[in-house]
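Please take a moment to look over the sequence and the structure shown here before reading on. The paragraphs after them are meant to be read slowly, with the structure kept in view.

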Amino acid sequence: MSLNTEFIYNTFFLVLKGVPVTMKIVGVVLLISLFFGFLFAVVRTNSNGIFSKILGVYVSFARGTPVMVQIYLIYTALPTVLAPYFKEKGIAFDVYSIKGMTYAYFIFSFGMIPVMSEMFRGALNSIDKGQLEAAKAIGLSVIQGYRRIILPQALVKTLPVLCTNITGLVKLSSLAFAVSVFEIMGIAKTEGAKYTCYVEAYLIIAVLYVALNLGIEVIFKLVEKRIKIYA
C-alpha cells in the first residue's frame, strides 16, 4: 500500500489550523481543573463531612466512567431532558444553542478535576501539617498560608504527575470532535473521510500529538532543572 503524499502535504497544513483550538481547550480546562482540583483536595484532606463525601462520590464517578459515556450523558442526553423541562416551565433558553466549545470545556473539566484533585491530595498529605499552623502563628490567614506556603510546595511535588496529566489532557482533547469542535482530530478525520485517506489522516494526527506532547515534556524538564538549581 502506498501513501498519498500529496494528501499528507496539503492536509498537514490544513490540520495545523486546529492546533490553536486544541491548545485553547487544553489551556482553559487546565486552569479550571487545577483551581477546582486543588480546592477539592484541600476539602477532602481536611474534612470528613458530608461535602467531602459528596466530592468523593463525584471523583469516583468521574474517574470510573469512560469519557465517551460522559460526552453522551452531558452533550446528548442532558439537553434532551432539559429542553422539554424548560419549555414546560416557560424558561426562555434554548439548550441546543450552547456551542460545542462550551461543552468541550465542561466535559473535559468534569473528567480532569478529579484527576488533579487526587494529584494534589497526594501532595498535600506529604506536606507537614505543622507548616499551616506555623503560618497562622505568624499572622497569615488560612488562604494566605495555602497560597504562599502550601501551594508552591504542592506544585513542586506534583510536577512529574502534572506533566503526565497535561499530556493526557492533550490526548483527551482529541474527543472534542464528538461535540462538533473542529480541532486537530476533527479536521483530520473530516479530510480523511472526504478523500478516503484514513491512514494518511491518522498519521498526521499522530505526528502532531506526539510533537505537542514532546514540547510539553521539554518545558517540564526545563522547569524541573530550574527548580533544582534554586532548591
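What follows is a walk through this structure, going from confidence to helices, then to contacts and the surface.

The first thing to keep in mind is that this is a predicted model, so a reader should begin with how confident the predictor is in each part. Averaged over the protein, the pLDDT is 89, and 98% of the residues score at least 70. Confidence is not even along the chain, since it is lowest in helix H6, residues 130–137, where the mean is 78, and highest in helix H8, residues 184–195, where it reaches 94.

A good place to start is helix H5, which runs from residue 100 to residue 125 and has 26 residues. From its first C-alpha to its last, H5 reaches 38 Å, and this is close to the 38 Å expected at 1.5 Å a residue. The helix nevertheless bends by about 30° at Phe110, and a proline, Pro114, follows within four residues of that point. Is H5 largely enclosed by the rest of the structure, or is it left open? Of its 26 residues, 19 are buried, and therefore H5 is largely enclosed by the rest of the structure.

Met116 gives an example of a residue within H5. Its relative accessible area is 0%, and because buried means under 20%, Met116 counts as buried. Met116 also shows how residues far apart in the sequence can be brought together by the fold, for Met116 and Phe35 are 81 residues apart in sequence, while their C-alpha atoms are 8.9 Å apart in space.

The next step is to look at the charged side chains, and here the structure holds 4 salt bridges. In one of them, Arg44 pairs with Glu118, and the closest N and O atoms are 2.7 Å apart. Arg44 lies in helix H2, residues 19–46, whereas Glu118 lies in helix H5, so this pair ties together parts that are 74 residues apart in sequence. Glu118 forms a salt bridge with Arg63 as well, with 3.7 Å between the closest N and O atoms. This second pair also links distant parts of the chain, because Glu118 is in helix H5 and Arg63 is in helix H3, 55 residues apart.

These partners do not have the same surroundings when their accessibility is considered one by one. Arg44, at 19% relative accessibility, counts as buried, Glu118, at 22%, counts as partly exposed, and Arg63, at 53%, counts as exposed.

A further salt bridge is found in helix H8, where the side chains of Lys194 and Glu191 meet with 3.3 Å from N to O. These two residues are 3 residues apart in that helix, which means that about one helical turn separates them. In general, an α-helix has 3.6 residues a turn, so residues three or four places apart point the same way. Even so, Lys194 is exposed, with a relative accessible area of 52%, while Glu191, at 11% relative accessibility, counts as buried. Returning to the salt bridges as a group, those that share partners join Arg44, Arg63, Glu118 and Arg121 into one network.

Two loop residues deserve a look for their backbone angles. Ser180, in the loop between helix H7 (142–172) and H8, has a phi near 65°, which is a positive value in a residue other than glycine. With a relative accessible area of 49%, Ser180 is partly exposed. Thr196, in the loop between H8 and helix H9 (198–230), has a positive phi of about 50° although it is not a glycine. At 56% relative accessibility, Thr196 counts as exposed.

The last stop is the surface. Which residues make up the nonpolar surface patch? Phe61, Val69, Tyr72 and Leu73 make this patch, and its area is about 370 Å². Helix H4, residues 67–89, gives the most to the patch, with 3 residues, while Phe61 has its place in helix H3, residues 50–64. Phe61 itself, at 40% relative accessibility, counts as partly exposed.

Key:
Residues numbered from 1 in each chain as written. Predicted model: local features only at pLDDT ≥ 70, side-chain atom pairs only at ≥ 80, totals over all residues. Heavy atoms only, no water. Patch = residues over 30% accessible without salt bridge, like charges linked within 9 Å, V, L, I, M, F, W, Y side chains within 5 Å. Areas by Shrake-Rupley, 256 points an atom, 1.4 Å probe, with all protein chains shown as cover. Buried < 20%, exposed > 50% of the residue type's maximum accessible area, 1.4 Å probe, protein only. Expected span 1.5 Å × (residues − 1). Bend = angle between axes of the 7 residues up to and from the residue. pLDDT = per-residue confidence, 0-100.
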